[in-house]
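Trainee: Before I use this model, I would like to go through the terms applied to it and see what backs each one.

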Amino acid sequence: MKIAVVGGGFTGLACAISLLEKEKSVVLFEETKALGGLAGGIKEKNWKWSLEYFYHHVFTNDKEVLGLAKKVGAIILIKKPLTTSLINKKEMPLDSPVSVLKFSELSIFGRLRMGFGLFILKLIPNGLYLEKYRVVDRLPRLIGKEGYKLIWEKLLKAKFGPFAESVNMAWFWARVAKRTKNLGYFEGGFQNLANLAGEKIKKMGGEIRLETKIASIIKNEGGNKWLVDGEEFDKVVMTVPAPMAEKILGKEMVNFPSINYLWGQTVVLELSEKLINGYWLNVLENNWPFLVAVEHTNFIDKKYYGNNRVVYLGNYLPEGNAQLHMSAAELITKYLPYLRKINKRFRKKWIKSIKVFRKPFAQPVFPVNYSALLAKMKTEHKGLYLANMSMVYPHDRGTNYAVKMGNDVAKEVLIDIR
Ligand SMILES: Cc1cc2nc3c(=O)[nH]c(=O)nc-3n(C[C@H](O)[C@H](O)[C@H](O)COP(=O)(O)OP(=O)(O)OC[C@H]3O[C@@H](n4cnc5c(N)ncnc54)[C@H](O)[C@@H]3O)c2cc1C
């Protein structure tokens with residue numbers, strides 16, 4: 001039994017390991033030079049650890065990815081970094097019930113109302129039923145208009161841009177319910193976790209083919225096998241983003257619901273000085289050119305990154321947004337005045353390096369009643385399985401759910417083999 005796993009992100013990695021625990025002949029195809037997908041990263045010559053293209057951490061209740069880490073021997077560091085929000089030009093903590101109650105930008109009533117609403121949301125064990133509501137309609141009613149306007153409306157617009165109005169309330173519930181104050185990070189970075197998973201796959205007898213972009217997957221003449229760029233396989237698991245899977249297989253073979261996606265973009269700065277106080281700063285101001293500043297080295301020691309401070313300026317952007325076509329120099333020119341607003345002491349000479357990373361299909365947008373549209377892992381075509389971010393729902397995509405999906409799709413394959 002020969003199985004192809006297409007895509008070397010965390011879904012593909014977890015799937016390949018789970019299959020290899022029972023089946024020996026697994027080939028993992030990855031288009032790029034390295035494993036890890038959206039959670040992969042780079043390592044400069046003077047760095048001891050890799051750094052993700054996009055800021056990454058795990059929650060302490062992310063048991064699937066923590067399980068993978070244990071399996072492959074990755075070490076997790078748990079810390080409680082500070083999260084703050086920039087609001088009316090002030091950097092303020094807003095990440096706990098106490099900080100909500102102390103939040104002076106809202107009236108006492110507004111604070112109580114918001115705190116109570118969020119508390120109720122966190123108590124709901126399964127908020128899938130909330131998918132029939134849009135966040136823009138339901139959330140102001142739950143937490144009060146004052147808190148909604150000041151905080152959440154801005155967050156929603158900053159994250160989802162033109163699609164903010166279509167996001168459903170189950171997605172919001174999942175974001176609130178899942179969060180933990182303690183955050184985890186893998187020693188050596190998420191890239192190290194991906195590399196260890198790759199080594200495990202090879203040790204278990206699996207094969208990894210990097211820099212192999214799969215262009216076509218069709219049935220053979222007899223219709224009982226799959227030809228992956230001409231090579232015969234009994235089963236194929238597609239873990240690439242849904243629009244890419246449709247392109248490779250053809251819409252007559254797989255037809256995902258047509259939803260909107262956003263690009264992920266980060267401008268990563270190496271700085272000589274600290275920019276922000278905490279690890280994570282949500283920008284809750286109108287018309288800023290980035291939605292979050294994440295100072296990775298306020299979470300993980302700068303000694304792993306050549307003793308420089310590492311800061312991400314992050315965005316989710318719709319296709320066609322002008323920033324997606326700007327060079328690093330153009331972006332930093334646009335961002336400079338805002339960096340000074342964050343920290344009055346900021347000087348351009350603090351910048352040691354600038355890198356820009358972009359990937360498409362980084363954030364799916366889930367509309368009302370999305371569960372009725374969800375694609376199934378096991379397709380109607382014998383031997384063809386699907387597992388990707390558009391199927392992680394209602395929880396927000398993340399490495400934990402990628403690993404869960406990889407494990408779950410492997411189970412489906414193994415049931416069919418038995
Ligand atoms: C800005 C940002 C911040 C995030 N923060 C966090 C976080 O803090 N914590 C967290 O847990 N998660 C976070 N995530 C989400 C997390 O990175 C993803 O959910 C997860 O990595 C998705 O894994 P995947 O394997 O499903 O998809 P992907 O990572 O997209 O993997 C798909 C793989 O398929 C490969 N591929 C595509 N086409 C082909 C082809 N034709 N042939 C062969 N290979 C192909 C791609 O190169 C890629 O490696 C974040 C994501 C973004 C964008």
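Mentor: What follows takes the terms one by one; keep in mind that the model is predicted.

Trainee: What makes the ligand site one that lies between domains?

Mentor: Residues of its shell come from both domain 1 (3-79 + 187-258 + 367-417) and domain 3 (260-364), so the ligand lies between these two. The domain assignment also gives domain 2 (96-178).

Trainee: Which residues come nearest to the ligand?

Mentor: Gly7, Gly9, Gly37, Phe54 and Gly264 do, out of 36 residues around the ligand. A residue counts if its C-beta atom, placed from the backbone, lies within 6 Å of the ligand. At least two residues of the shell come from each of the helices α1 (10-20), α9 (242-249) and α11 (399-417). By class, the shell has 16 nonpolar, 16 polar and 4 charged residues, with Gly counted as polar.

Trainee: How do you know that domain 1 and domain 2 touch, and how many residues take part?

Mentor: Their centres, taken over C-alpha atoms, are 32 Å apart. The contact itself takes 9 residues from domain 1 and 13 residues from domain 2; the criterion is C-beta atoms within 7 Å. On the domain 1 side there are 5 nonpolar, 3 polar and 1 charged residues.

Trainee: Why are strands β1 and β2 called paired?

Mentor: Pairing needs at least two bridges, and β1 (residues 3-6) has 4 with β2 (residues 26-29), so the two count as paired. They run parallel, and Val6 has Phe29 as its bridge partner. Together with α1 they make a right-handed β-α-β unit. On the same test, β2 pairs with β10 (residues 207-209) through 3 bridges, again parallel; there Leu28 stands opposite Ile208.

Trainee: What makes β8 and β19 edge strands?

Mentor: The open sheet has 7 strands in the order β8-β7-β16-β17-β18-β15-β19, with mixed pairing. β8 (90-93) and β19 (351-364) each have a single partner strand, so one side of each is left without a neighbour in the sheet. Neighbouring strands are turned by 20° against each other on average, direction ignored.

Trainee: Does "mixed" include antiparallel pairs, or which way do β7 and β8 run?

Mentor: β7 (residues 83-87) and β8 run antiparallel, joined by 4 bridges. Thr84 in that pair has Pro93 as its partner.

Trainee: Which strands does helix α10 lie across?

Mentor: α10 (residues 328-342) lies across β7, β15 (261-271), β17 (292-295), β18 (309-317) and β19. The angle to β19 is about 100°.

Technical notes. Residues are numbered from 1 along each chain as its sequence is written. This is a predicted model: local features need pLDDT of at least 70, side-chain atom pairs count only at pLDDT 80 or more; totals for chains, interfaces and linings use all residues. Domain bounds come from an automatic or database domain assignment. Two residues are in contact if their C-beta atoms, placed from the backbone, lie within 7 Å. A crossover is right-handed if, with the strands pointing away from the viewer, the path from the first strand over the helix to the second runs clockwise. Axes are lines fitted to C-alpha atoms, for helices over the stretch in contact, and angles run from 0 to 180 degrees between N-to-C directions.
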